[in-house]
Amino acid sequence: MVIEWDVTIPKLSGEQTRRTFIYLPESYDQEPERRYPVLYMFDGHNVFFDEDATFGKSWGMNRYLEESGKQLIVVGVECNHEGNRRLVEYAPMTYTNSEHGTIKGKGSVMMNWMVKELKPSIDENFRTLPDRKNTVLAGSSMGGLMALYGVCAYNHIFQRAACLSPSLWVSPGKVLEMVARAHIRRDTTVYMDYGELEMFSHAATQEAMISTAHLLLTKRVNLAFRIVPGGTHSEASWEQQVPIFMDCLNL
């Protein structure tokens, strides 16, 4: 079952509401004493249903969870669809490149809201397992970059993260600095992947991905690092990775 909440993020978009999609497993109503791990996902409108997805194709998480019988709560927050606001909200750092110009990143504001306001609200209103080992992040593209940022900057909150096609290329130097400065516990698990057809078409992407993976390994992170054969930068490709990253994260 997927329900919707309207939320506001005042420091990013004032009183404008956006949707938060919350998946509750079938056992949630059947076992009233049971508590559940929580997976927080970026671009929540792309997570469950095709009719909500930006390009008409979702990750199909609702279908996967029902078919697999995985018992967890999934929370997906809709991005800001106005202009380049998604880039602003999903960039942990300010960066400049030829494609986007200068983006004054406010990813730290977004992540602080998720940790200080969204998570406490979810924990208060649903039967969660609120501890670190049961709190997980996932996202793709800029959302994948945010998942990496979250598990680095708030490692005391998130033990695990799935970073699909993370946009490390926006500022490779700042990404590496972010990871290098992070106090990451050795029980941290990170899943990272890139599609073959996107990875090997951009030298900057290759270098950033390999350097980031190497740095995570030097910090003794439990890293699952994959190149997806035939993979592309799309929801259809990311959907196919769902069973893999869910198993890698032990969900």
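This is a short chat about a predicted model of one protein chain.

Visitor: What does the secondary structure of the protein chain come to?
Guide: There are 10 helices and 10 strands. Keep in mind that the model is predicted.

Visitor: What radius of gyration does the chain have, and what would a compact globule have?
Guide: The chain has 17 Å. A compact globule of 251 residues would have a value near 18 Å, so the two agree.

Visitor: What box do the C-alpha atoms fill?
Guide: Roughly 50 × 40 × 35 Å, taken along the principal axes.

Visitor: How many of the residues count as buried?
Guide: 57% of the 251 residues do.

Visitor: And the surface: how much does the chain expose?
Guide: About 10900 Å². Carbon and sulfur atoms supply 50% of that area.

Visitor: How many positive and negative side chains are there?
Guide: 25 positive and 30 negative. The centres of the two sets lie 10 Å apart.

Visitor: Back to the fold. Among contacts between residues at least 6 apart in sequence, how many join residues at least 24 apart?
Guide: 71% of them.

Visitor: Let's take one helix. Which residues of α3 are buried?
Guide: Helix α3 covers residues 61-68, and Met61, Asn62, Tyr64 and Leu65 are buried there.

Visitor: Why do they line one face?
Guide: Look down the axis of α3. The buried residues fall within an arc of 165 degrees, so they line one face of the helix. There is a general rule behind this. An α-helix has 3.6 residues a turn, so residues three or four places apart point the same way.

Visitor: What is on the other side of α3?
Guide: Glu66 and Glu67, both exposed.

Visitor: What covers the buried residues of α3?
Guide: The cover includes strands β1 (2-8), β2 (17-23), β3 (38-41) and β4 (73-77). Helix α10 (235-248) is also part of the cover.

Visitor: What comes just after α3?
Guide: Glycine 69, with a positive phi of about 75 degrees.

Visitor: Which residue has a positive phi although it is not a glycine?
Guide: Aspartate 43 is one of them, at about 55 degrees. In general, most residues other than glycine have a negative phi. Aspartate 43 lies in the loop between β3 and α3. Asparagine 250 also has a positive phi, of about 60 degrees. Asparagine 250 sits in the segment after α10.

Visitor: Is aspartate 43 buried or exposed?
Guide: Buried, because its relative accessibility is 5%, under the 20% cut-off. Asparagine 250 is exposed, with a relative accessible area of 65%.

Visitor: New topic: strand β2. Where does threonine 20 sit, and what does it touch?
Guide: Threonine 20 is in β2. Its relative accessibility is 0%, so it counts as buried. Leaving out residues up to four places away in sequence, threonine 20 touches Ile3, Glu4, Trp5, Val7, Val75, Gly76 and Val77.

Visitor: How are the C-alpha atoms of alanine 161 and threonine 20 separated?
Guide: By 19 Å, with their positions 141 residues apart along the chain. Alanine 161 lies in strand β8, residues 160-164. Alanine 161 is buried too, with a relative accessible area of 0%.

Visitor: What does alanine 161 touch?
Guide: Beyond four places in sequence, its contacts include Val136, Leu137, Ala147 and Val151. Thr189, Val190, Tyr191 and Leu249 also touch alanine 161.

Visitor: Now a loop. Where is serine 171 found?
Guide: In the loop between β8 and α7 (172-181). Serine 171 is buried, at 12% relative accessible area. Not counting residues up to four places away in sequence, serine 171 touches Met93 and Tyr95.

Visitor: And glutamate 31, where is that?
Guide: Glutamate 31 is in the loop between α2 (27-30) and β3. At 35% relative accessibility, glutamate 31 counts as partly exposed. Leaving aside neighbours within four places in sequence, glutamate 31 is in contact with Tyr36 and Arg127.

Visitor: Last one. Which helix holds valine 115?
Guide: Helix α5, residues 107-125. Valine 115 counts as buried at 10% relative accessibility.

Visitor: What does valine 115 touch?
Guide: Pro120, Tyr154, Ile157 and Phe158, not counting residues up to four places away in sequence. The C-alpha atoms of valine 115 and tyrosine 154 are separated by 8.3 Å. Along the chain, valine 115 and tyrosine 154 are 39 residues apart.

Terms used:
Residues numbered from 1 in each chain as written. Predicted model: local features only at pLDDT ≥ 70, side-chain atom pairs only at ≥ 80, totals over all residues. Heavy atoms only, no water. Helix = DSSP H or I, 4+ residues; strand = E, 2+ residues; numbered from the N terminus. Rg over C-alpha atoms; globule rule 2.2 N^0.38 Å. Buried < 20%, exposed > 50% of the residue type's maximum accessible area, 1.4 Å probe, protein only. Contact = heavy atoms within 4.5 Å. Areas by Shrake-Rupley, 256 points an atom, 1.4 Å probe, with all protein chains shown as cover. Lys, Arg positive; Asp, Glu negative; His and termini not counted. Charge placed at Lys NZ, Arg CZ, Asp CG, Glu CD. Arc of directions from axis to C-beta.
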